[in-house]
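Here's a short set of exercises to work through with the model open in your viewer. Try each task before you read its solution.

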Amino acid sequence: MIAQGVGPEKVDLYIGGTEGARDVGQLQDLGITTVINCAVNLDINYVTEPKLQADGDKCATGTAPIRCYKIGLVDGPGNPRDMFLGGYFILESALSQQIPEKASYPVRDRGHVLVHCRGGRSRSVALVALFLHKDQPERFATLDDAIAIYVTNATCIRMNGLKPRNRC
């Protein structure tokens with residue numbers, strides 16, 4: 001866990017890598033209902049209730065136990081500034097989006113949020129740092145202040161995946 005009390009619903013914000021992001025049991029245990037994937041060419045199939053089966057060149061579709069948003073940033077130089085800014089707005093919007101009471105939206109619970117990339121060390125950290133700096137300037141006056149919270153908790157995250165720091 002990187003930050004608590006984030007967004008209008010005061011949820012917890014996690015940073016992780018592929019292994020944590022693909023462990024649906026752990027996501028559910030931690031109360032994570034929303035996942036934001038920052039990485040390009042890293043696709044995790046969360047579908048647990050297929051509505052349409054794969055057929056020839058057509059992929060299966062269905063619902064998953066979590067909501068997933070995808071940004072698609074490369075690791076290192078090469079991302080247009082607007083794409084990173086788009087990631088910021090996706091995170092901001094995911095924290096405040098209201099899911100309607102419709103059968104096509106089975107996951108309506110507001111839970112915690114995981115932002116991940118392959119290793120949970122660069123793209124996801126940069127995006128969360130930008131968000132925390134803009135959302136909570138009283139706590140994170142500079143980007144360096146926001147990045148420092150990750151550095152403080154990085155050993156815990158690497159050792160225990162997504163487990164909250166009080167379990168390290």
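The exercises below use a predicted model and go from the overall fold to the cores, one residue and a pocket.

**Exercise 1: the fold**

Work out how many helices and strands the protein chain has, and in what pattern they come.

Solution. Start by counting: there are 5 helices and 7 strands in the protein chain. Next, walk along the sequence, and you get β-β-α-α-β-β-β-β-α-β-α-α. Now look at the contacts with a separation of 6 or more: 66% of them join residues 24 or more positions apart. Finally, check the surface. The chain exposes about 9,200 Å², with carbon and sulfur atoms supplying 50% of that, and 43% of its 168 residues count as buried.

**Exercise 2: the cores**

Find the largest nonpolar core and say which element gives the most to it.

Solution. Begin with the members: this core has 31 residues, and L13, L91, V115 and L132 have the most contacts inside it. Then sort by element. β1 (3-6), β2 (11-16), β3 (32-39), β6, α3 (81-96), β7 (112-116), α4 (123-135) and α5 (143-160) each put in at least two residues. The top contributor is α4, with 7 residues. Zoom in on L132 and skip its neighbours within four places in sequence: its contacts are I2, A3, V6, L13, P137, F140, A146 and I149. One last thing to spot is another core, apart from the largest one, with 11 residues, including M1, Y46, A64 and L114.

**Exercise 3: one asparagine**

Is N37 buried or exposed, and what does it touch?

Solution. First place the residue: N37 sits in strand β3. Its relative accessible area is 3%, under the 20% cut-off, so N37 counts as buried. For the surroundings, drop residues up to four places away in sequence; N37 then touches L42, Y69, K70, I71, G72 and H116.

**Exercise 4: the largest pocket**

Describe the largest pocket by its volume and its lining.

Solution. Take the volume to begin with: the pocket holds about 380 Å³ of space. Then list the lining, which has 21 residues, with G62, A64, I66, R67 and C68 nearest the centre. By element, β5 (61-63) and β6 (67-73) are the ones that give two or more residues, and β6 gives the most, with 4. To finish, split the lining by class: 12 residues are nonpolar, 6 polar and 3 charged.

Technical notes
Residues are numbered from 1 along each chain as its sequence is written. This is a predicted model: local features need pLDDT of at least 70, side-chain atom pairs count only at pLDDT 80 or more; totals for chains, interfaces and linings use all residues. Side-chain values use heavy atoms; hydrogens and water are left out. On a 1 Å grid over the protein atoms alone, a cavity is a set of points where a 1.4 Å probe fits but cannot get out, and a pocket is an open set with protein on both sides within 12 Å along at least five of seven lines; lining residues have an atom within 4 Å of a point. Grid points are joined across faces, edges and corners, and a volume is the space filled by probe spheres set on the points. Ala, Val, Leu, Ile, Met, Phe, Trp, Tyr, Cys and Pro count as nonpolar, Asp, Glu, Lys and Arg as charged, and the others, Gly among them, as polar. Buried means under 20% relative accessible area, exposed over 50%, partly exposed in between (1.4 Å probe, protein chains only). Contact means heavy atoms within 4.5 Å. Accessible areas come from the Shrake-Rupley method with a 1.4 Å probe; for residues, only the protein chains shown count as cover. A nonpolar core is a set of buried Ala, Val, Leu, Ile, Met, Phe, Trp, Tyr and Cys residues joined through side-chain atoms within 4.5 Å.
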